[in-house]
Amino acid sequence: AGLAMLVAGRIGSILSLQELSIVVTVAGGVLLLLGAAFLKAVWFPIAYLLFMIPVWGSLLDNLHLPFQLLSASLGISALQAAGIPAYRQGTFIELPHVTLEVAKVCSGVNYLIAVVAIGVPLAFVFLQGWGRRILLVGFSVAIALLSNGARVALIGALSYYGFITDLHGPFKVLQGIIVSMVGYAALFTGACVLS
(Lines give C-alpha, C1' and ligand atoms only; values in the text may rest on other atoms or scores of the structure.)
Protein backbone atom coordinates (compact mmCIF):
# COMPACT_ATOMS: atom_id res chain seq x y z
CA ALA A 1 0.00 0.00 0.00
CA GLY A 2 2.85 2.39 0.80
CA LEU A 3 4.63 1.67 -2.45
CA ALA A 4 1.34 2.08 -4.34
CA MET A 5 0.95 5.50 -2.67
CA LEU A 6 4.48 6.40 -3.78
CA VAL A 7 3.86 5.33 -7.39
CA ALA A 8 0.48 7.11 -7.52
CA GLY A 9 2.06 10.22 -6.03
CA ARG A 10 4.82 10.22 -8.63
CA ILE A 11 2.47 9.61 -11.53
CA GLY A 12 0.06 12.32 -10.36
CA SER A 13 2.85 14.63 -9.13
CA ILE A 14 1.24 14.71 -5.67
CA LEU A 15 4.13 15.39 -3.34
CA SER A 16 2.17 14.98 -0.11
CA LEU A 17 1.06 11.46 -1.14
CA GLN A 18 4.67 10.57 -1.87
CA GLU A 19 5.73 11.92 1.54
CA LEU A 20 3.00 10.04 3.41
CA SER A 21 3.93 6.81 1.65
CA ILE A 22 7.11 6.43 3.72
CA VAL A 23 5.15 6.01 6.95
CA VAL A 24 2.89 3.36 5.42
CA THR A 25 5.89 1.63 3.82
CA VAL A 26 7.82 1.52 7.11
CA ALA A 27 4.78 0.09 8.90
CA GLY A 28 4.34 -2.48 6.13
CA GLY A 29 8.02 -3.41 6.27
CA VAL A 30 7.85 -3.96 10.03
CA LEU A 31 4.69 -6.04 9.62
CA LEU A 32 6.26 -8.13 6.85
CA LEU A 33 9.63 -8.73 8.52
CA LEU A 34 8.81 -8.80 12.23
CA GLY A 35 5.09 -9.54 12.50
CA ALA A 36 1.98 -7.94 13.96
CA ALA A 37 3.12 -8.20 17.59
CA PHE A 38 6.23 -6.14 16.87
CA LEU A 39 4.23 -3.61 14.84
CA LYS A 40 1.86 -3.25 17.80
CA ALA A 41 4.88 -2.54 20.03
CA VAL A 42 6.41 0.11 17.73
CA TRP A 43 3.30 1.78 16.29
CA PHE A 44 3.96 5.03 18.14
CA PRO A 45 7.48 5.69 16.79
CA ILE A 46 6.26 4.89 13.29
CA ALA A 47 3.23 7.18 13.65
CA TYR A 48 5.54 9.88 15.05
CA LEU A 49 7.22 9.97 11.64
CA LEU A 50 4.18 11.97 10.49
CA PHE A 51 5.73 15.02 12.20
CA MET A 52 8.70 14.91 9.80
CA ILE A 53 6.52 15.24 6.72
CA PRO A 54 6.13 18.81 5.43
CA VAL A 55 2.50 18.08 4.53
CA TRP A 56 1.54 19.93 7.73
CA GLY A 57 2.23 23.23 6.00
CA SER A 58 -0.53 22.73 3.46
CA LEU A 59 -2.92 21.05 5.89
CA LEU A 60 -2.65 23.84 8.45
CA ASP A 61 -2.56 26.71 5.96
CA ASN A 62 -6.10 27.78 6.89
CA LEU A 63 -5.02 28.27 10.52
CA HIS A 64 -2.62 31.13 9.81
CA LEU A 65 -5.17 33.96 9.73
CA PRO A 66 -7.05 32.87 12.89
CA PHE A 67 -3.72 32.43 14.69
CA GLN A 68 -2.56 35.85 13.46
CA LEU A 69 -5.73 37.45 14.82
CA LEU A 70 -5.47 35.55 18.11
CA SER A 71 -1.81 36.48 18.57
CA ALA A 72 -2.60 40.13 17.83
CA SER A 73 -5.50 40.06 20.32
CA LEU A 74 -3.40 38.45 23.04
CA GLY A 75 -0.53 40.83 22.36
CA ILE A 76 -2.74 43.91 22.47
CA SER A 77 -4.34 42.75 25.73
CA ALA A 78 -0.93 42.30 27.33
CA LEU A 79 0.30 45.67 26.04
CA GLN A 80 -2.78 47.47 27.35
CA ALA A 81 -2.51 45.66 30.69
CA ALA A 82 1.07 46.96 30.93
CA GLY A 83 -0.18 50.50 30.36
CA ILE A 84 1.11 50.84 26.81
CA PRO A 85 -1.31 52.68 24.51
CA ALA A 86 -2.06 50.29 21.67
CA TYR A 87 -4.86 49.71 19.20
CA ARG A 88 -5.51 46.62 17.08
CA GLN A 89 -7.00 46.65 13.62
CA GLY A 90 -7.06 43.15 12.19
CA THR A 91 -3.53 41.82 12.29
CA PHE A 92 -2.02 45.29 12.76
CA ILE A 93 -1.07 46.72 16.14
CA GLU A 94 -0.86 50.50 16.26
CA LEU A 95 1.56 51.97 18.79
CA PRO A 96 2.27 55.72 19.14
CA HIS A 97 5.32 55.69 16.86
CA VAL A 98 5.23 52.33 15.06
CA THR A 99 2.76 49.95 13.45
CA LEU A 100 3.37 46.25 13.92
CA GLU A 101 1.90 43.52 11.74
CA VAL A 102 1.44 39.96 12.89
CA ALA A 103 2.42 38.49 9.54
CA LYS A 104 1.66 34.99 8.30
CA VAL A 105 5.14 33.78 9.23
CA CYS A 106 4.58 35.13 12.75
CA SER A 107 1.21 33.42 13.21
CA GLY A 108 2.60 30.73 15.50
CA VAL A 109 1.40 27.74 13.46
CA ASN A 110 4.96 26.46 12.97
CA TYR A 111 5.63 26.88 16.69
CA LEU A 112 2.41 24.97 17.39
CA ILE A 113 3.68 22.03 15.34
CA ALA A 114 7.05 22.16 17.15
CA VAL A 115 5.51 22.23 20.63
CA VAL A 116 3.02 19.46 19.85
CA ALA A 117 5.85 17.41 18.29
CA ILE A 118 7.63 17.59 21.66
CA GLY A 119 4.47 17.26 23.76
CA VAL A 120 3.26 14.06 22.09
CA PRO A 121 6.32 11.88 22.86
CA LEU A 122 6.66 13.52 26.26
CA ALA A 123 3.09 12.51 27.09
CA PHE A 124 3.49 9.04 25.61
CA VAL A 125 6.75 8.20 27.40
CA PHE A 126 6.29 9.83 30.80
CA LEU A 127 2.55 9.74 31.50
CA GLN A 128 0.23 6.84 32.22
CA GLY A 129 -3.37 6.88 31.02
CA TRP A 130 -4.88 8.54 27.98
CA GLY A 131 -6.57 11.28 30.00
CA ARG A 132 -3.27 12.69 31.24
CA ARG A 133 -1.65 12.29 27.85
CA ILE A 134 -4.45 14.18 26.07
CA LEU A 135 -4.35 16.85 28.78
CA LEU A 136 -0.62 17.40 28.22
CA VAL A 137 -1.03 17.60 24.43
CA GLY A 138 -3.88 20.09 24.92
CA PHE A 139 -1.64 22.02 27.30
CA SER A 140 1.05 22.12 24.60
CA VAL A 141 -1.46 23.69 22.19
CA ALA A 142 -2.34 26.32 24.81
CA ILE A 143 1.37 27.00 25.40
CA ALA A 144 1.91 27.59 21.69
CA LEU A 145 -1.00 30.02 21.48
CA LEU A 146 -0.10 31.96 24.63
CA SER A 147 3.64 32.03 23.87
CA ASN A 148 3.08 33.56 20.46
CA GLY A 149 0.82 36.22 21.96
CA ALA A 150 3.51 36.92 24.57
CA ARG A 151 6.12 37.21 21.81
CA VAL A 152 3.97 39.78 19.98
CA ALA A 153 3.50 41.73 23.22
CA LEU A 154 7.25 41.60 23.90
CA ILE A 155 8.03 43.00 20.45
CA GLY A 156 5.45 45.74 20.98
CA ALA A 157 6.78 46.68 24.42
CA LEU A 158 10.42 46.69 23.33
CA SER A 159 9.66 48.84 20.30
CA TYR A 160 7.45 51.20 22.34
CA TYR A 161 10.23 51.82 24.88
CA GLY A 162 12.82 52.20 22.10
CA PHE A 163 14.91 49.14 22.92
CA ILE A 164 14.67 47.85 19.36
CA THR A 165 14.44 49.77 16.14
CA ASP A 166 14.98 46.95 13.65
CA LEU A 167 11.99 44.68 14.15
CA HIS A 168 13.30 42.01 11.78
CA GLY A 169 16.92 41.81 12.86
CA PRO A 170 18.82 39.26 14.92
CA PHE A 171 17.18 40.52 18.12
CA LYS A 172 13.83 39.20 16.86
CA VAL A 173 15.34 35.73 16.56
CA LEU A 174 16.84 35.99 20.04
CA GLN A 175 13.60 37.04 21.72
CA GLY A 176 11.75 34.33 19.78
CA ILE A 177 14.19 31.76 21.18
CA ILE A 178 13.73 33.09 24.71
CA VAL A 179 9.93 32.92 24.49
CA SER A 180 10.21 29.41 23.03
CA MET A 181 12.43 28.30 25.90
CA VAL A 182 9.88 29.59 28.40
CA GLY A 183 7.15 27.67 26.54
CA TYR A 184 9.17 24.44 26.54
CA ALA A 185 9.95 24.88 30.25
CA ALA A 186 6.22 25.22 30.91
CA LEU A 187 5.57 22.06 28.88
CA PHE A 188 8.13 20.02 30.83
CA THR A 189 6.78 21.44 34.10
CA GLY A 190 3.28 20.38 33.06
CA ALA A 191 4.58 16.86 32.33
CA CYS A 192 6.21 16.72 35.79
CA VAL A 193 3.01 17.87 37.49
CA LEU A 194 0.85 15.38 35.60
CA SER A 195 3.24 12.49 36.27
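Here are some short exercises, with worked solutions, on a predicted model.

**Exercise 1. Find which residues have the most contacts inside the largest nonpolar core, and which elements build that core.**

Solution.
- Start with the core itself: the largest one has 19 residues, and Leu136 and Leu187 have the most contacts inside it.
- Next, look at who contributes. α7 (109-126), α8 (130-160) and α9 (170-194) each give two or more residues to this core.
- Of these, α7 gives the most, with 9 residues.
- There's also a second, separate core of 14 residues, and Ile84, Ile93, Val102 and Ala153 are among its members.
- Now zoom in on Leu136. Skipping neighbours within four places in sequence, Leu136 is in contact with Gly119, Leu122, Ala123, Leu127, Leu187, Gly190, Ala191 and Leu194.

**Exercise 2. Work out how α7 and α8 are arranged: roughly parallel or roughly antiparallel?**

Solution.
- First get the geometry: the two helices pack at an angle of about 155°, and their axes are 9 Å apart.
- Then apply the cut-off: angles over 145 degrees count as roughly antiparallel.
- So α7 and α8 come out roughly antiparallel to each other.
- For the handedness, α7 passes α8 in a right-handed crossing.
- Finally, list some of the contact residues. On the α7 side they include Tyr111, Val115, Gly119, Leu122 and Ala123. On the α8 side you'll find Arg133, Leu136, Ser140, Ile143 and Ser147 among them.

**Exercise 3. Check the span of α8 against what its 31 residues should give.**

Solution.
- Take 1.5 Å a residue, and the 31 residues of α8 should span 45 Å.
- Compare that with the model: the end C-alpha atoms of α8 are 45 Å apart, which agrees.
- Just past the end of α8, have a look at Gly162, which takes a positive phi of about 80°.

**Exercise 4. Take two α8 residues, Ala153 and Leu145, and decide how each is classed: buried or partly exposed?**

Solution.
- The cut-off you need is 20% relative accessible area, with buried meaning under that value.
- Ala153 has a relative accessible area of 10%, so Ala153 is buried.
- Leu145 has a relative accessible area of 22%, so Leu145 is partly exposed.
- Now see what they touch, not counting residues up to four places away in sequence. Ala153 touches Gly75, Ala78 and Leu79. Leu145 touches Phe67, Leu70 and Leu74.
- Use Leu74 as a reference point for distances. Ala153 and Leu74 are 79 residues apart along the chain, yet their C-alpha atoms are separated by 7.6 Å. Leu145 and Leu74 are 71 residues apart in sequence, with 8.9 Å between their C-alpha atoms.

**Exercise 5. Move to α2 (residues 15-34) and describe its span, its buried residues and the surroundings of Ser21.**

Solution.
- Begin with the span: α2 has 20 residues and reaches 29 Å from its first C-alpha to its last, close to the 28 Å expected at 1.5 Å a residue.
- Then pick out the buried positions in α2, which are Gln18, Glu19, Ser21, Val23 and Val30.
- Ser21 has 3% relative accessibility, so Ser21 counts as buried.
- As for its partners, Ser21 touches Gly2, Met5 and Leu6, leaving out residues up to four places away in sequence.
- Last, step just beyond α2: Gly35 takes a positive phi of about 100°.

Notes. Residues numbered from 1 in each chain as written. Predicted model: local features only at pLDDT ≥ 70, side-chain atom pairs only at ≥ 80, totals over all residues. Heavy atoms only, no water. Core = buried A, V, L, I, M, F, W, Y, C linked by side-chain atoms within 4.5 Å. Buried < 20%, exposed > 50% of the residue type's maximum accessible area, 1.4 Å probe, protein only. Helix = DSSP H or I, 4+ residues; strand = E, 2+ residues; numbered from the N terminus. Contact = heavy atoms within 4.5 Å. Expected span 1.5 Å × (residues − 1). Axes fitted to C-alpha atoms, helices over the stretch in contact; angles between N-to-C directions. Parallel < 35°, antiparallel > 145°, perpendicular 65-115°, else oblique. Left-handed = near helix turned anticlockwise from the far one by under 90°.
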